[in-house]
Every structure is written in C-alpha cells, then in structure tokens.
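Biologist: Before I plan anything at the bench, could you take me through the inside of this protein?

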Amino acid sequence: MNKSKIEKFTKETKGGQFRYYASNKVYDCGDIVDIKSSKIIRTPKRTTQRIDKDHYVILETGEYKKCKRNTKRTANKSTLMNSFFTIKRIIHKNFCGSENETFITLTYSGSMFDTDRLQKDFKAFWRKIHRKYPYCEYLRIFEPHKNGSWHIHLLVKDTVNKFIPIHQNDLEKFWNNGNVHMESIISIDALSNYFIPSKKAGASEKAKKKYKRLDYYPAGFNNYSTSKGIVVPKAVEMCAEEIAELIEGFYLDFSQTTDIFLNNDDGTKKFLNKTAFHEYKRNDYSLNQNSQPELSGERREVGE
C-alpha cells in the first residue's frame, strides 16, 4: 500500500522581500493589504462522485467508498481559522478606533450551550438596538468560554454621528441575559489579533487557549456576521503590476512561505507547490496604533 503523505515546510519572516507568484489573491483592507500567493495554478478537477448519502466513488479508479462521518459534528478547523482571518480583515477595513466606535461584550448570567438560542438572543437584541440607534452597524463574533458556554463580542460603529450614541443602560435593558461591557477601542491592530487562535510555539497563552476551544464550534456554525453597512473584503486576483501600484506607500510587515511536497513510501519526493502569505501595512500605520492593551480599561480573557 502506498503510504505517501503531504509534507509542508513553512518559513516566517518579518519584513522580508516579496516575490510575485503565478497566482495572487489580494485583500485590500484599507490600512493593511493581505496577499495569498501560489506558484502553481491548478485547474480544479473532480476526483470523486457521490453515489448516495453514505457512499461515493473515486473516479480515477472506480473504487467504491463509504463516507466517513464526523460523529462529534464539530467545524473543520481549517475553515474556522480562515473565518478568523476574515474577521481580522473586516476589522481593519471598517474600524479605526474613532469616537464613533465601541467594543461590546455580552455574557450570560449562567452557562449557555444552546447555539440556536444564542443566535436568536442576538437577533432580538440587535433589533432593539437598531430601532433606537438606526445608524449603527456591527461586526458580531460568537466565542466559547473555557467550559464551552457562549458569549458574544460586538464591534459597533455609528455611520452618522461623531460619537457613539449608545448608552450602557439601553444595552443592559435590551440584552437582559447577563452582563454587558462596553469600552473604547485603542488599538485596532491588537484588537484584530485578539480573535486569532494559534497553536504555534511562539503564540500567546490567550491564542493557545482559543485554539483549544475550536472543538466547541459545531459544524455549519457561523462564528461571525455583519450588518449590511459593514464591508467584507473579497479576494481579487492581481498581476505584479497591479499589486505594485496598490502597495505603494506600504511596507511589508510579515511574510510566510510554505513548500509543499509529496513524500512516497519508496523514499521519493515530489514538489507540489509553493505558497506564500504577505501582509503589508501603510507607512504611517504605526502612528495610529497604541502599544497598550487593545481596549480601554483592564482587559481579561472572558470566562477565565
């Protein structure tokens, strides 16, 4: 039996040199630009065909297979991680820490594990907020505590007023399920990274705890949502010349390259692809950021 497996070699650099690849998916997020690149452009080719709800066939060999089912019904971690980076891009595209923005955390007075109720509670809460404050837009993030019960984070901005008009008393009255905490945003950079889980050796303890909690997310669960006035950055394919024009006035803050090989049991190795991720920041970006914690006041991990 062939025991070939995929092997990946990843290298991270700070401010390294950017090299243009064959395929470049670009996310323009305002003060930051993310570029996901691939050396090889692959044409999607269908390899399997579903026969019924329990079986599929491998088209190349005709082999008949039984579907493997996820008995835990948890979300795919790779898909989840992509959603957290989408959240980061949304934050950078729509928020800057001005006085017409705020960060709100909604918690329950006791443990709450019902994700259907979680979504209904938020919709009911926001209907009341929108009725009284019609010019407010939101980015909503669901997160689990360490025991798997849920809480809600909200980034809110007013699109008309210079100052956020929402009052704490209204938040408490409209939520009515537990505690409400509202605070000003100091650092968009730190706040956007606050939501990113990681299992890497150099990651913060907070990020590692968040990674361990990924198993609490059920399959098909939307861990974030936005109101209509919030822009979600979409990937745009760009050539080298277009990228060069876009990132003029930006500096390369972070880059990561990954070499992907197929290792066969006979000792042979086949190169499959080389991918890269680059994050650019506007040259004056650091002038608008604060090295202090991402929000005003004392910040702690919710649910500790």
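The conversation below turns to the core, the cavity and the cysteines.

Modeller: This is a predicted model, in which local features need pLDDT of at least 70, side-chain atom pairs count only at pLDDT 80 or more, and totals for chains, interfaces and linings use all residues. Residues are numbered from 1 along each chain as its sequence is written, and side-chain values use heavy atoms, with hydrogens and water left out.

Biologist: Which element gives the largest share of the largest nonpolar core?

Modeller: A nonpolar core is a set of buried Ala, Val, Leu, Ile, Met, Phe, Trp, Tyr and Cys residues joined through side-chain atoms within 4.5 Å, where buried means under 20% relative accessible area, exposed over 50% and partly exposed in between, with a 1.4 Å probe and protein chains only. The largest such core has 44 residues, of which Phe 125, Leu 154, Leu 155 and Phe 195 touch the most other members. Its largest share, 6 residues, comes from α1.

Biologist: How many disulfides are there?

Modeller: A disulfide is counted where a pair of cysteine sulfur atoms lies within 2.5 Å. Cys 96, at 53% relative accessibility, counts as exposed, while Cys 239, at 34%, counts as partly exposed. By this rule the number of disulfides is 0.

Biologist: How do the residues lining the largest cavity divide into nonpolar, polar and charged?

Modeller: The lining of the largest cavity comprises 11 residues, and Glu 143, Pro 144, Lys 210, Arg 213 and Tyr 217 lie nearest its centre. Here a cavity is a set of points on a 1 Å grid over the protein atoms alone where a 1.4 Å probe fits but cannot get out, and lining residues have an atom within 4 Å of a point. With Ala, Val, Leu, Ile, Met, Phe, Trp, Tyr, Cys and Pro counted as nonpolar, Asp, Glu, Lys and Arg as charged, and the others, Gly among them, as polar, the lining divides into 6 nonpolar, 1 polar and 4 charged.

Note on methods:
Helix = DSSP H or I, 4+ residues; strand = E, 2+ residues; numbered from the N terminus. 1 Å grid on protein atoms, 1.4 Å probe; cavity = no way out; pocket = protein on both sides within 12 Å on 5 of 7 lines; lining within 4 Å.
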